[in-house]
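Subject: Structure handover and findings

Dear colleague,

Please find below the structure that I promised to pass on to you. After it I have set out what turned up when I went through it, topic by topic.

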Amino acid sequence: MTALHDLIASFAAIGATDDGGVCRLAATALDKRARDLFLREISSRGLVPRIDAIGNMFGVAILEPASDDVVIAGSHLDSQPTGGRYDGAYGVLAGLLAVDAVAERCLANPGAARRNLAVANWTNEEGARFQPSLTGSSAFAGSLSLQDAYACADGDGVTLGAALAAIGYCGVTPLEYRPVRYVELHVEQGDRLEQVSRDIAAVSGAWMTRKLSVVFDGDYSHTGPMPMALRRDALRAAARAIEALYVEVARENAGAHASAARISVYPNSPNVVAGRARVWFEIRHEEEAVVAAISDRFLKRIEREAREIGVDISIAADDRRAAPLLDPAGVELILAVASDLGCKAMTLKTITGHDALAIQKRIPASLIFVPSQGGLSHNPHEFTAPEALDKGYAVLAETLWRMVTAG
């Protein structure tokens, strides 16, 4: 579908990196450029633009003026620092074109629509600049207050509220329609579809995730003269903990995924033994009991091992994301649509977080995956074949048509 691929290319040019990727962090000047372009695309198609207080953007197709109900399709335009061109943006842009196509189909079939339709761009899905991730969709769902969302701060102390105001996206036109269903189209970010040669996945739910931020407190000293036995090296304790996480995951032998992907060190001087270090850990598995077993054992172990070298630990954050189910009726609908369109489909659970998981807390939400080559994501070289993108778009458009016309 030429229009879809052209749109993806246009947005990929905003924040393009030398290695072919995209770096477009939430509420930056580059995010503003992408938002401005998206707003122009919304308006050029005759959709009604809406921007709420947390900067979530909507383009509404009024298909049935007598109805207050709206079905929403969308994803996010922000990226990771090492992002690719498909993660998030594919769902927003395919959603835009699908809303446009369904609106045209409704014009050709007067009276068919029972409710309205909108495309959405959710604020700060990635959480690369501001934590927690899924910020805009969580605020929309009511699980995160606007005040708390605004207060999220980046590494320089800039709050999300201030950053959105600086780029002009603290909106004052909330979506006035009653949302009834949500559908998100996304690249899988894994290789399960590719491994079994399937075109489409109807996502039934998510793995449980526990995200821990651990602070290691030792003491500062000169890296030269301080005797080794007297050092209270926070970075040494952090290094032990990182290895301990991998050991505990392997010990459980249950297929869990885990990482230690971010670390900060103070004073971060080559001549000072680190007095403080902070590491962000995460453990994921589809069974909550497995995550609990690994993480509880891990925390006991690192506390003991840190104490052995004179370092104290404290938990700065402990975010437990349950293993939610997505709308079962939506799963069945997506499978039926995929079958009708001649696509090979399957069901699976997502290992990663998506806006659909946040929105499910308010309304029934659905998530559609298309294959990712080699499972690569959060990487400039992520790739999904054009024909795979087209199949995902076709399933999305037909799913939305059935949702807005269902009795």
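How many cavities of 30 Å³ or more does the structure hold? The structure, which is a predicted model, holds 1 cavity of that kind.

Cavity and pocket

The largest cavity has a volume of about 30 Å³, and its lining consists of Asp31, Arg35, Leu77, Asp78, Asn121, Trp122, Thr123 and Asn124. Sorted by class, that lining has 2 nonpolar, 3 polar and 3 charged residues. Among the open spaces, the second largest pocket has a volume of about 190 Å³; of the 13 residues that line this pocket, Arg198, Pro371, Ala385, Glu387 and Ala388 are the closest to its centre. Helix 12 gives the largest share of the lining of the second largest pocket, namely 3 residues, and the lining as a whole divides into 4 nonpolar, 4 polar and 5 charged residues.

The eight-stranded sheet

An open sheet is formed by 8 strands in the order 1-2-4-3-5-14-6-13, with mixed pairing. Strand 1 (48-51) and strand 13 (345-350) stand at the edges with a single partner strand each, so one side of each is left without a neighbour in the sheet. On average, and with direction ignored, neighbouring strands of this sheet are turned by 25° against each other.

At one edge, strand 6 (residues 200-206) pairs with strand 13 in the parallel sense over 6 bridges, and Val203 stands opposite Leu348 in strand 13. Helix 10 (residues 328-340) packs on this sheet, where it touches strand 5 (178-187), strand 6, strand 13 and strand 14 (365-370), and the direction of helix 10 makes about 170° with that of strand 6. Helix 12 (residues 386-405) also packs on the sheet, touching strand 3 (69-75), strand 4 (116-121), strand 5, strand 6 and strand 14, and the direction of helix 12 makes about 170° with that of strand 5.

At the other edge, strand 1 pairs with strand 2 (residues 57-61) in the antiparallel sense over 4 bridges, with Ile51 opposite Met57 in strand 2. The hairpin of these two strands has 5 residues between them, and Gly55 takes a positive phi near 90° there.

The four-stranded sheet and its helices

A further open sheet, of 4 strands, has the order 9-11-7-12 and antiparallel pairing. Its edge strands are strand 9 (257-266) and strand 12 (312-321), each of which pairs on one side only, and the twist from one strand to the next averages 15°. Within this sheet, strand 7 (residues 208-217) and strand 11 (residues 276-285) run antiparallel and are joined by 10 bridges, and Phe216 stands opposite Ala277 in strand 11.

Helix 8 packs on this sheet by touching strand 7, strand 9 and strand 11, and the direction of helix 8 makes about 10° with that of strand 11. Helix 9 lies across strand 7, strand 11 and strand 12, running at about 5° to strand 7.

How, then, do helix 8 and helix 9 pack, at what angle and how far apart are their axes? Helix 8 (residues 234-252) and helix 9 (residues 288-308) pack at an angle of about 145°, with their axes 9 Å apart, and helix 8 passes helix 9 in a right-handed crossing. Residues that make the contact include Ala237, Ala241, Ala244 and Leu245 of helix 8, and Val290, Ala293, Ile294 and Phe298 of helix 9. By class, the residues of this contact divide into 12 nonpolar, no polar and 8 charged.

Backbone details to check in your own setup

The peptide bond from Gln131 to Pro132 is cis, with omega near 10°, and Pro132 has its place in the loop between strand 4 and helix 4 (135-141). A cis peptide bond also joins Tyr266 and Pro267, with omega about 5°; Pro267 is found in the loop between strand 9 and strand 10 (272-273). Lastly, Gln189 has a positive phi of about 70° although it is not a glycine, and Gln189 lies in the loop between strand 5 and helix 7 (192-195).

With kind regards

Key. Residues are numbered from 1 along each chain as its sequence is written. This is a predicted model: local features need pLDDT of at least 70, side-chain atom pairs count only at pLDDT 80 or more; totals for chains, interfaces and linings use all residues. Side-chain values use heavy atoms; hydrogens and water are left out. Axes are lines fitted to C-alpha atoms, for helices over the stretch in contact, and angles run from 0 to 180 degrees between N-to-C directions. A crossing is left-handed if the near helix is turned anticlockwise from the far one by less than a right angle, and right-handed if clockwise. Contact means heavy atoms within 4.5 Å. Ala, Val, Leu, Ile, Met, Phe, Trp, Tyr, Cys and Pro count as nonpolar, Asp, Glu, Lys and Arg as charged, and the others, Gly among them, as polar. Two strands pair if DSSP finds at least two bridges between them. On a 1 Å grid over the protein atoms alone, a cavity is a set of points where a 1.4 Å probe fits but cannot get out, and a pocket is an open set with protein on both sides within 12 Å along at least five of seven lines; lining residues have an atom within 4 Å of a point. Grid points are joined across faces, edges and corners, and a volume is the space filled by probe spheres set on the points.
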